[in-house]
Amino acid sequence: MSTIFTLSILQSALELGCIYALIAIALYISFTLLNIADLSTDGCFTLGCAVGAMVTMAGHPVLALFMAMGAGVCSGFITAFLQTKMGVQSILAGIIVNTGLYTVNLAVMGFSSNINLFHCDTLFSLAKQVSENKIYRDWYELGIAALIVLAVCLILGWFLNTSSGLSIRATGDNAHMVKASSINPGRMITAGLCISGSLTALSGAILGQYQKSCDINFGTGQVTIALASLIIGNTLVRRGGMLKRISGVVLGSCLYRFIVAIALRLNLPAEAVKLVSAVIVAAAISFPCLKEKAGFTKKKMEMRKKAAVRT
Amino acid sequence: MLSIKNISKTFHAGTVNEKTALRNVSLEMKSGDFATIVGSNGAGKSTLFHAVTGAFYVDGGQIILDGEDITFKKEHLRSRDIGHLFQDPLLGTAPHMTIEENMALAYMRVSGKHSPFGRVTKKDKALFREKLALLDMGLEERMKNPVGLLSGGQRQALTLLMATVVTPKILLLDEHTAALDPATAEKVMKLTKDIIAERGITCLMVTHNMHQALETGNRTLMMNDGRIILDITGKERESMTVDTLLEKFREQAGTRLDNDRILLSGR
């Protein structure tokens with residue numbers, strides 16, 4: 001067991017879990033709360049990574065995060081604009097934006113498909129210099145990722161209970177009611193998708209600095225992975241307030257990373273990671289349904305047994 | 001309070017499905033008027049409500065609410081002044097949000113607290129509690145429960161409360177008790193009457209119950225084929241029975257009142 005489960009695996013699973021949790025939270029807003037399948041996630045993630053990397057290269061690793069979030073807001077706004085003002089179906093709007101972003105991302109990266117940040121200061125390299133302490137050196141990366149996620153969770157937990165937050169949630173929950181409640185659904189969808197886009201891009205920017213590189217294909221499949229995290233999170237935390245649910249999503253993201261890490265330790269080739277992801281997503285989504293079916297079958301067998309005893 | 005002038009609406013104009021739902025409908029509602037509306041299937045009762053709330057724009061005519069011409073005002077902007085309850089109790093509340101959150105949403109949108117980052121205060125919560133207690137359904141003890149867990153009657157009562165938490169200029173009730181079981185329907189109806197009477201809300205209510213149509217409010221309207229064909233108030237209304245009302249309908253419309261629900265409910 002010790003060969004499969006090590007502290008470093010747990011550590012890197014938590015680090016990646018926290019970084020990718022931001023996309024899962026973004027999907028929690030668009031997919032769960034707004035009930036919109038926003039497929040621009042992949043492109044938006046790369047956009048954040050690219051913008052973040054360019055600004056980091058220019059020597060501003062902290063500003064990079066905010067610039068990336070700004071880019072994410074733009075991407076979310078265009079997706080929302082297409083569906084609220086131009087009559088494009090929401091799923092198509094996401095795909096269109098995702099396709100367009102590929103070129104935009106290449107342009108941001110100076111038409112090179114890969115850039116590296118080995119020789120510039122990143123959030124992580126700056127934090128590393130703070131202390132020589134061994135424990136600090138081991139955990140500072142997780143600390144940064146966790147702090148950012150914590151801040152996002154707290155802000156969202158607060159925001160989703162304000163007047164605007166409640167309106168956004170109601171828009172996805174009962175469109176009929178929203179129209180009759182003097183809430184402009186188009187504006188709420190736009191606000192929700194902008195927030196969701198900014199978080200996706202933030203995740204990309206942090207990952208770029210964490211891995212010290214940015215690749216045009218970083219985003220591929222992110223939407224599936226985030227969805228898996230989201231669904232694991234929703235299965236773990238079924239009820240409770242907004243903060244609790246968002247924390248559940250973060251937990252789901254970490255758990256997902258852990259499962260993948262374990263799977264890869266079982267001598268699976270690195271190329272298999274996407275297939276493993278797909279299998280985990282399918283398993284996580286079908287779990288509640290299978291559980292119910294299993295319970296029903298068990299009940300049926302018991303009743304049959306009882307009937308057999310009686311006769 | 002509400003003044004409807006010669007509005008008409010044709011759906012799917014120019015196709016085989018062309019349907020004229022409203023034909024030059026005019027209606028004048030004084031402040032505090034409480035009118036019931038009965039009519040055949042497809043007479044245009046719900047369409048009339050939707051014209052007022054702005055679900056679509058009318059083809060012609062004018063709608064004036066409290067002195068303001070709202071004919072081309074957007075739906076979500078009108079709804080600040082209009083309360084609208086539907087037959088389906090699921091339509092008026094957000095199921096995955098708690099009772100408190102639903103109340104907060106309804107309250108904040110119309111009260112002065114519509115700053116984008118406003119939150120409900122302890123005082124507001126106490127007010128919600130107090131209002132919920134009036135329903136006598138025990139909902140004040142379940143403020144943190146998602147609305148999806150409530151029964152249809154409870155949800156409809158909550159919707160009514162939300163629509164009137166800040167007094168609307170006009171309240172539109174579209175058979176809002178028709179999908180509830182008889183006991184609950186009676187309870188919600190009583191609540192409705194109490195709230196309307198207490199605050200003098202101007203109200204239009206569609207019903208298929210002929211007794212209710214005559215006994216509730218101070219005015220009875222009958223609709224047929226996109227027109228208001230009868231408008232009875234005062235003494236005439238007091239002396240009216242269900243039978244004379246139906247007779248009157250036949251005279252005006254030239255056909256019998258054809259509403260399967262009315263027939264099924266044995267008038």
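This is a short talk about a predicted model with a chain A and a chain B, covering a sheet, a pair of helices and the contact between the chains.

Hi everyone. Please keep in mind as we go that we are looking at a prediction. Let's begin with the sheet in chain B.

Six strands of chain B form an open sheet, and their order is β6-β7-β8-β3-β9-β10, with mixed pairing. Which strands stand at the edges? They are β6 and β10 of chain B, where β10 covers residues 227-233. Each has a single partner strand, so one side of each has no neighbour in the sheet. From one strand to the next, the twist averages 15°.

If pairing is new to you, here is the general idea. Strands of a sheet pair through backbone hydrogen bonds, and they can do so in a parallel or an antiparallel way.

Now find strand β7 of chain B, residues 170-174. Is this strand mostly covered or mostly open? It is mostly covered, as five of its five residues are buried. In a regular strand, side chains alternate between the two faces of the sheet. You can follow that here: B:I170, B:L172 and B:D174 point one way from β7(B), while B:L171 and B:L173 point the other way, and all are buried.

What about the neighbours of β7(B)? On one side is strand β6 of chain B, residues 82-85, which pairs with β7(B) in the parallel sense over four bridges. Two bridge partners are easy to look up: B:H84 goes with B:L172, and B:L85 goes with B:L173. Strand β8 of chain B, residues 202-206, also pairs with β7(B) in the parallel sense, over five bridges. There, B:D174 has B:V206 as its bridge partner.

How does the chain get from β7(B) to β8(B)? Helix α6 of chain B, residues 182-199, joins these two strands in a right-handed β-α-β unit.

Other helices meet this sheet too. Helix α1 of chain B, residues 45-53, lies across β3, β6, β7, β8 and β9 of chain B, and runs at about 150° to β7(B). Helix α9 of chain B, residues 242-253, packs on the sheet and touches β9 and β10 of chain B. Its direction makes about 145° with that of β10(B).

Let's move over to chain A. Two packed helices are described by the angle between their axes and the distance between the axes. For helix α3 of chain A, residues 61-84, and helix α9 of chain A, residues 185-211, the angle is about 145° and the axes are 6 Å apart. The crossing of α3(A) past α9(A) is right-handed. The contact between these helices has 16 nonpolar and 14 polar residues, with no charged ones.

One residue to click on in α3 of chain A is A:A71. Why does A:A71 count as buried? Because A:A71 has 27 C-beta neighbours inside 10 Å, and the cut-off for buried is 20 or more. Leaving aside residues up to four places away in sequence, A:A71 touches A:L47, A:G48, A:V51 and A:A201.

Last stop, the contact between the chains. It takes 27 residues from chain B and 18 residues from chain A. On the chain B side, α2 (75-78) and α3 (99-110) are the elements that give two or more residues. The largest share, seven residues, comes from α3(B). By class, that side of chain B divides into 12 nonpolar, 10 polar and five charged residues.

Thanks for listening!

Key: Residues are numbered from 1 along each chain as its sequence is written. Chains are lettered from A and ligands numbered from 1 in the order in which they are written. This is a predicted model: local features need pLDDT of at least 70, side-chain atom pairs count only at pLDDT 80 or more; totals for chains, interfaces and linings use all residues. Two residues are in contact if their C-beta atoms, placed from the backbone, lie within 7 Å. Ala, Val, Leu, Ile, Met, Phe, Trp, Tyr, Cys and Pro count as nonpolar, Asp, Glu, Lys and Arg as charged, and the others, Gly among them, as polar. A residue is buried if 20 or more other C-beta atoms lie within 10 Å of its own, exposed if 12 or fewer, and partly exposed in between; C-beta atoms are placed from the backbone. Two strands pair if DSSP finds at least two bridges between them. A crossover is right-handed if, with the strands pointing away from the viewer, the path from the first strand over the helix to the second runs clockwise. Axes are lines fitted to C-alpha atoms, for helices over the stretch in contact, and angles run from 0 to 180 degrees between N-to-C directions. A crossing is left-handed if the near helix is turned anticlockwise from the far one by less than a right angle, and right-handed if clockwise.
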